[in-house]
Amino acid sequence: MRDEMADYAYALGWSAVRHMPEPVAREIFMLIADRAWHRRGRGVRRLESNLRRVVGDGPSEEELRELSRRGMRSYLRYWLESFRLPSMGRERILSGMHITGVDALYKDLDDGRGVIAALPHMGNWDHAGAWIALSGTPFTTVMERLKPESLYDRFVAYRAGLGMEVLPASGGGDVFGTLTERLADARLVCLVADRDLTATGVEVEFFGRTAKMPAGPAALALRTGAALRPVTLWYEGDDWCVRVHDEIPVPGEGARDDRIHAMTQSLAHTFAQGVAAHPEDWHMLQRVWVEDL
């Protein structure tokens with residue numbers, strides 16, 4: 001019954017929220033964010049614990065609470081925009097995006113080289129995906145399976161409708177092999193990579209503590225020679241901002257695991273810079289650090 005209700009709620013979001021006047025929908029979602037923040041349930045407490053590690057001991061508890069309030073509003077903005085994105089006009093999607101560093105990514109693709117764009121859970125990665133697809137660059141991504149299956153199917157259909165090829169993280173065959181093929185064909189692969197969901201994650205230093213991040217992006221770059229480029233995202237006013245960072249090079253020497261670790265650590269370092277600059281737009285309401293697992 002719980003799974004059925006979740007599926008119904010998302011179906012209602014996609015069918016109803018996209019047809020509301022935007023100011024009305026935004027007001028509703030901000031009220032939901034504020035209510036959740038005031039209740040300070042498990043997700044909000046986890047967000048505040050994560051944010052404390054980002055900002056350190058300097059800010060007071062009151063300042064941390066205000067930061068988490070902005071974080072919840074940013075998080076609900078992501079969901080609001082995700083529900084409305086399929087009906088958002090092409091011009092709004094393209095004109096509202098401010099992106100830097102993308103020319104280097106395009107050059108890699110034009111030169112016949114695959115690119116792995118590795119992202120944290122920041123800003124609106126679905127909007128960024130819609131922007132790059134509408135700009136003429138198809139790409140492949142991986143999505144964790146959700147329950148119920150009908151809910152997962154809705155998400156896949158939604159993202160496919162935006163121009164993304166979506167592979168299931170499990171139960172869908174050789175995902176690593178498929179990504180390798182896409183990169184060998186000089187395609188773009190986009191992976192959310194700031195939280196490990198498997199037992200094969202790499203331990204890295206992240207804001208002074210040990211966290212686990214997926215080995216996949218670095219392993220793909222090592223296997224295929226594709227460019228591994230971190231990407232960070234945030235909001236500015238009503239618009240969306242993205243920065244494509246410099247490529248993380250493959251170390252020239254060392255064992256395979258050591259090179260993967262070094263590259264994943266570089267990825268974590270770049271993510272940390274982006275999160276520190278825009279902590280309210282890091283939508284991390286789950287455990288990240290090893291000591292919390």
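## Salt bridges, helices and a hairpin

The side chains of D239 and R92 meet in a salt bridge, with N and O 3.2 Å apart. This pair links distant parts of the chain: D239 belongs to strand β9 (residues 239-244), R92 belongs to helix α5 (residues 90-95), and the two are 147 residues apart. D239 counts as partly exposed because its relative accessibility is 22%. R92 is partly exposed too, with a relative accessible area of 29%. Keep in mind that this is a predicted model, so everything here is read off computed coordinates.

### More charged pairs

In total, the count comes to 21 salt bridges. As a general point, side chains of opposite charge can pair when their charged atoms come close. Here are three of the pairs side by side.

| Pair | Closest N to O |
|---|---|
| D239 and R92 | 3.2 Å |
| R113 and E247 | 2.7 Å |
| E165 and R182 | 2.7 Å |

Take R113 and E247, which form a salt bridge. R113 lies in the loop between α6 (102-110) and β2 (115-119), and E247 in the loop between β9 and α11 (256-277), so the pair ties together parts that are 134 residues apart in sequence. R113 is partly exposed, since its relative accessibility is 28%. E247 also counts as partly exposed, with a relative accessible area of 28%.

Then there's the salt bridge between the side chains of E165 and R182. That pair connects strand β4 (residues 164-168), home of E165, with helix α9 (residues 175-184), home of R182, and the two residues are 17 apart. Is R182 buried or exposed? R182 is buried, because its relative accessible area is 18%, and the cut-off for buried is under 20%. Its partner E165 counts as partly exposed at 24% relative accessibility.

Some charged residues go beyond simple pairs: R46, R53, R209, E291 and D292 are linked in a network of salt bridges.

### Helix α9 and what surrounds it

R182 has company on the inside of its helix. The buried residues of α9 are V175, G177, L179, T180, R182 and L183. Which elements do they pack against? They pack against β2, β3 (139-143), β4, β5 (188-192) and α10. Following α9 comes A186, which has a positive phi near 60 degrees.

L183 also gives us a way over to G225. The two are 42 residues apart in sequence, yet 8.6 Å apart in space, C-alpha to C-alpha. G225 sits in the loop between α10 (216-224) and β8 (227-236). With 39% relative accessibility, G225 counts as partly exposed. Setting aside neighbours within four places in sequence, G225 is in contact with R113 and L220. So R113, the salt-bridge partner of E247, turns up again here as a contact of G225.

### Helix α2

Helix α2 (residues 22-39) has 18 residues and reaches 26 Å from its first C-alpha to its last, close to the 26 Å expected at 1.5 Å a residue. Its buried residues are A25, F29, M30, A33, D34 and W37. These pack against α3 (42-55) and α4 (61-84).

The surface has something to show as well. V24, I28 and I32 form a nonpolar patch there, with about 220 Å² of accessible area together. In an α-helix there are 3.6 residues a turn, so residues three or four places apart point the same way. Of the patch residues, I28 is placed in helix α2 and counts as partly exposed, since its relative accessibility is 35%. Just after α2, R40 takes a positive phi of about 50 degrees.

### The β6 and β7 hairpin

Strand β6 (residues 202-206) has side chains that alternate. V202, V204 and F206 point to one face and are buried, whereas E203 and E205 point to the other and are not. How many bridges join β6 to β7? Five bridges connect β6 with strand β7 (residues 209-213), and the two strands run antiparallel. Opposite V202 stands M213 of β7.

Two residues lie between the strands of this hairpin, and F207 takes a positive phi near 55 degrees. R209, one of the residues in the salt-bridge network described above, brings the charged groups back into view.

Conventions:
Residues are numbered from 1 along each chain as its sequence is written. This is a predicted model: local features need pLDDT of at least 70, side-chain atom pairs count only at pLDDT 80 or more; totals for chains, interfaces and linings use all residues. Side-chain values use heavy atoms; hydrogens and water are left out. Buried means under 20% relative accessible area, exposed over 50%, partly exposed in between (1.4 Å probe, protein chains only). Helices (H or I, at least four residues) and strands (E, at least two) are DSSP runs, numbered from the N terminus. Two strands pair if DSSP finds at least two bridges between them. Contact means heavy atoms within 4.5 Å. The expected span of a helix is 1.5 Å times one less than its number of residues. Patches are made of residues with over 30% relative accessible area and no salt bridge: like charges are joined within 9 Å, nonpolar side chains (Val, Leu, Ile, Met, Phe, Trp, Tyr) within 5 Å. Accessible areas come from the Shrake-Rupley method with a 1.4 Å probe; for residues, only the protein chains shown count as cover. A salt bridge is a side-chain nitrogen of Lys or Arg within 4 Å of a carboxyl oxygen of Asp or Glu.
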